[in-house]
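Student: I would like to learn how to read a protein model, beginning with the whole and ending with single residues. Could you take me through one?

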Amino acid sequence: MPHTPPIISSPDNEVVRRFRRLAARREPGLVLLEGPRVLAEARAAGLEFDVIAVREGDKLPFRAESRVTLTAGAFRAATQTVTPQGVIAIGRVHEASVSEAIGSAQGARWPLIVLDGVQDPGNVGAICRTAAAAGAPALAVLPGSADPFGPKAVRASAGNVFRLKVARVHWKDLDELAGYGAASSGGAALADTPIESAGMIVLGSEAHGLSRKDLELVTIPVAGGVESLNVAAAAALILFEIKRRRAA
Ligand SMILES: C[S@@+](CC[C@H](N)C(=O)[O-])C[C@H]1O[C@@H](n2cnc3c(N)ncnc32)[C@H](O)[C@@H]1O
């Protein structure tokens, strides 16, 4: 007999309420995943799912035994996001410790990528996606940064955040790492700076830049009159320059 997943129609069902709770506030170790692409990427990155919910009439991009079907009404109640593709899931993430993140970066001879108050989850997700694409193994977020495992950042990373070791850190955790802060002006030119052998590369906030003033700085020269790059664009240039130099 083929297995028929249960259909949930009540907005008060415990599964629906669990999704809603998680959308409102993330719980440690759990992450809300929205859309088939994010689910597929998360799965490819080895993430385990607690619950997968599919809107009646929609399809999962892969086979999964344990899933539930939600009616359109229950699905709407489960998620605030207006998504044309009706699949959502709760995944289990391992949030790395500081030493794991540092160890993983050092083991791969990559700088640790550090976000210093990058507030926009879209930027945080884009940086995670680029870091994974460049082959960087680990990323650390300082207080004031958006949560890399929040739904918006996960979406912006297209699920690639799960390929990285991600740790929450404070400056004191990074004492042993020498590295560079990326600054929109006043730093040594990217071409002349050995960023590939740095212990860390710090990216600053959209509004205020770096919160520490004692870092050595690296700057991507830009045309006169342009004040700065978007932080995710600056991260992409730096990360792929590291990748290029490592391959040379
Ligand atoms: C929008 S910028 C911040 C601009 C801000 N007005 C400031 O005080 O620096 C956000 C972050 O992107 C990175 N960034 C932007 N432009 C850059 C450039 N030309 N070279 C290196 N990093 C840059 C830096 O890490 C910076 O802190």
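Tutor: We will go from the overall fold to the domains and then to a few residues, keeping in mind that this is a predicted model.

Student: How many helices and strands should I look for in the protein?

Tutor: Counting the secondary structure elements is a good way to start, and here the protein has seven helices together with twelve strands. The radius of gyration is 20 Å, close to the 18 Å that the globule rule gives for 248 residues, so the protein is as compact as a globular protein of that length. Along its principal axes, the C-alpha trace spans about 65 × 35 × 30 Å.

Student: What share of the 248 residues is buried, and how much surface does the protein expose?

Tutor: A residue counts as buried when its relative accessible area is under 20%, and buried residues make up 48% of the 248 residues. The protein exposes about 12,100 Å², of which carbon and sulfur atoms supply 51%. As for charge, there are 28 positive and 25 negative side chains, and the centres of these two sets lie 6 Å apart.

Student: Which domains does the assignment give, and how many of their residues are in contact?

Tutor: The domain assignment gives domain 1, covering 7–92, and domain 2, covering 98–247. Taken over C-alpha atoms, the centres of domain 1 and domain 2 are separated by 30 Å, and 13 residues of domain 1 are in contact with 13 residues of domain 2. It also helps to ask how far along the chain contacts reach: among those between residues at least 6 apart in sequence, 75% join residues at least 24 apart.

Student: What is there to learn from the phi angle of a residue such as arginine 109?

Tutor: The general idea is that most residues other than glycine have a negative phi. Arginine 109 has a positive phi of about 55° although it is not a glycine, and its place is the loop between α4 (98–107) and β6 (112–116). Arginine 109 is exposed, with a relative accessible area of 68%, and, not counting residues up to four places away in sequence, it touches Glu196 and Arg246.

Student: Alanine 158 also has a positive phi; is alanine 158 buried or exposed?

Tutor: Alanine 158, whose phi is about 55°, counts as buried at 3% relative accessibility. Alanine 158 is found in the loop between α6 (151–156) and β8 (165–168).

Student: And how should I read a residue inside a helix, for example alanine 235 in helix α7?

Tutor: One useful habit is to look at burial and at partners from elsewhere in the sequence. Alanine 235, in helix α7 (residues 231–247), counts as buried at 1% relative accessibility, and, leaving aside its neighbours within four places in sequence, alanine 235 is in contact with Ile127 and Leu203. Alanine 235 and isoleucine 113 are 122 residues apart in sequence, yet their C-alpha atoms are 9.1 Å apart in space.

Student: Where is arginine 20 found, and how accessible is arginine 20?

Tutor: Arginine 20 is found in helix α1 (residues 14–24), and at 26% relative accessibility arginine 20 counts as partly exposed. From arginine 20 to alanine 74 the distance in space is 11 Å, C-alpha to C-alpha, with the two residues 54 residues apart in sequence.

Note on methods:
Residues are numbered from 1 along each chain as its sequence is written. This is a predicted model: local features need pLDDT of at least 70, side-chain atom pairs count only at pLDDT 80 or more; totals for chains, interfaces and linings use all residues. Side-chain values use heavy atoms; hydrogens and water are left out. Helices (H or I, at least four residues) and strands (E, at least two) are DSSP runs, numbered from the N terminus. The radius of gyration is taken over C-alpha atoms; the globule rule is 2.2 Å times the number of residues to the power 0.38. Buried means under 20% relative accessible area, exposed over 50%, partly exposed in between (1.4 Å probe, protein chains only). Contact means heavy atoms within 4.5 Å. Accessible areas come from the Shrake-Rupley method with a 1.4 Å probe; for residues, only the protein chains shown count as cover. Lys and Arg count as positive and Asp and Glu as negative; His and the chain ends are not counted. The place of a charge is taken as NZ of Lys, CZ of Arg, CG of Asp or CD of Glu. Domain bounds come from an automatic or database domain assignment.
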